[in-house]
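Trainee: Hi, could we go through this one together? I'd like to talk about cysteines and aromatic rings.
Mentor: Sure, let's put it up.
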There are 2 protein chains.
Amino acid sequence: MIKIVLLGAGNVASHLAKAFLASNAVELIQIYNRSKKNLKQFESQINTTTNLNALAKADIYIIAIPDDEISSFSVKLDTQDALVAHTSGSVAMLALAKKHRSAVFYPLQTFTKGKDIDFKNIPICIEAENKKDLTILEKLATTISDKVYKINSKQRKNLHVAAVFVNNFTNHLYHIGHQICNENNVPFEILAPLIQETANKIQELTPFEAQTGPAKRDDTQTIATHLAMLNKEQQEIYKLITQSITKTYGKKL
Amino acid sequence: MIKIVLLGAGNVASHLAKAFLASNAVELIQIYNRSKKNLKQFESQINTTTNLNALAKADIYIIAIPDDEISSFSVKLDTQDALVAHTSGSVAMLALAKKHRSAVFYPLQTFTKGKDIDFKNIPICIEAENKKDLTILEKLATTISDKVYKINSKQRKNLHVAAVFVNNFTNHLYHIGHQICNENNVPFEILAPLIQETANKIQELTPFEAQTGPAKRDDTQTIATHLAMLNKEQQEIYKLITQSITKTYGKKL
């Protein structure tokens, strides 16, 4: 059984802890966190500590803390040549201190506090310095997820920026749709099935194939009507993405 | 039983025809289309015609043709004071010729040829010149959908532009994500669960509440790293939406 110590108790750490606790193939033996507060939720189920010198001996140490703290934290971590993986999309594997057998265990998903999520469906991107460790990580990842990918640091960095487009930026477009609805006393829920179907479509088609609408058709009349209805900020976004779509379909530069 | 004649045989018309044929409460008695070609798919099930002078007598005539042809087409339509509804999100109700009892029957969804869709979940936005006709439309809409909304022309126009943001523009962000993956030999399918969850989240949270990521955190270091990885066109979109998110969360103008 793979023994794990989890370092961190934030959003990603909490979801990971739940998944590990639910798995029969791994043993989550300890959770460390700087402050006691976030550890409370785990105290009834598992050993917790706020003392880096009191870490238990494990097969893998998983760091789930803010991106910009990973590197300096890994220096302080004294686990005697242990396998140490961080969980970040944007931090390189070699940002971890050299004394460790460095690795990455990156679950690619947007985690919401308090909203349970089925880990089986969450892609886990793994990376390690050598084949043996990659095999250990793969074994660990497959105990909680059906979707495990070997992804190097450069690929992962690009994946992370792609994720910003399809998640954060998409959500902002939802927000603009929400604003427009509110301003016109239209319930936003009317758009929910469309939002769902837009996401569903690309499970079967490429986004390139799935595109429809005035920008793709180069329907300048509808585009002009739409622009006249928007505020300045919305107009700028509308114009730029419309240009980009028109360019993608080769009708105009 | 409400008798319907459908005018048009394109994408929306085909999906509507299927829904009407499957309903026991309405009778689709005829489909008209300018050309014979698209009518073939219906010939075995229903009377079809390419002759506007040979239209059957119905309770409602539903026009499902391209937006910019609706107005002129409605002038040619000679149905003696019948209830005539178009199915467009962006065309005003009063764009229909005055001789008709004008109405709108707008299913808000992205229809893909060949991909069946459950109409029960599709919001139908209805509008009519008088209450009696609105009641008829409501009766018709509820036979195929559980989500019927009374929406006036101004609201519908705004809903349509909001739909462009959450559907066409969102799909374009998926396309950019797809490009970035392709260029780095990363399978795009890794992003599919994230795309799904982003869409699912806003069934429970407002998009404002659901936002995460570097732009919301005003994480200038990650933003700079991301920008350096993108091509010029992607950079422009990244910058503009990041600015808009940062502004939304009030950290910077």
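Mentor: Let's start with A:Cys181, which is buried, with a relative accessible area of 2%. Keep in mind that this is a predicted model.
Trainee: And how many disulfides are there over all chains?
Mentor: The count is 0 over all chains. A:Cys181 is in no disulfide, and the nearest cysteine sulfur belongs to B:Cys125, 9.8 Å away.
Trainee: Why does that distance rule out a disulfide?
Mentor: Because the two sulfur atoms would have to lie within 2.5 Å.
Trainee: What about A:Cys125, buried or exposed?
Mentor: A:Cys125 counts as buried, at 1% relative accessibility.
Trainee: Okay, on to the rings. How many aromatic pairs are there over all chains?
Mentor: The count comes to 14. One of them is A:Phe169 with B:Tyr238, an edge-to-face pair with 5.0 Å centre to centre and 70° between the planes.
Trainee: Where do those two sit?
Mentor: A:Phe169 is in helix H4 of chain A and B:Tyr238 is in helix H9 of chain B, so this pair joins two chains. Both residues are buried.
Trainee: Which residues form a cluster with them?
Mentor: Ring pairs link A:Phe165 with A:Phe169 and B:Tyr238.
Trainee: Got a stacked example?
Mentor: A:Phe208 and A:Tyr249 are stacked, at 4.7 Å centre to centre and 20° between the planes. They are 41 residues apart, with A:Phe208 in helix H6 and A:Tyr249 in the segment after helix H9 of chain A.
Trainee: How accessible are they?
Mentor: A:Phe208 is partly exposed at 37%, whereas A:Tyr249 counts as buried at 17%.

Note on methods. Residues are numbered from 1 along each chain as its sequence is written. Chains are lettered from A and ligands numbered from 1 in the order in which they are written. This is a predicted model: local features need pLDDT of at least 70, side-chain atom pairs count only at pLDDT 80 or more; totals for chains, interfaces and linings use all residues. Side-chain values use heavy atoms; hydrogens and water are left out. Rings of Phe, Tyr and Trp (its six-membered ring) pair if their centres lie within 6.5 Å; planes under 30 degrees apart count as stacked, over 60 as edge-to-face and the rest as tilted. Helices (H or I, at least four residues) and strands (E, at least two) are DSSP runs, numbered from the N terminus. Buried means under 20% relative accessible area, exposed over 50%, partly exposed in between (1.4 Å probe, protein chains only).
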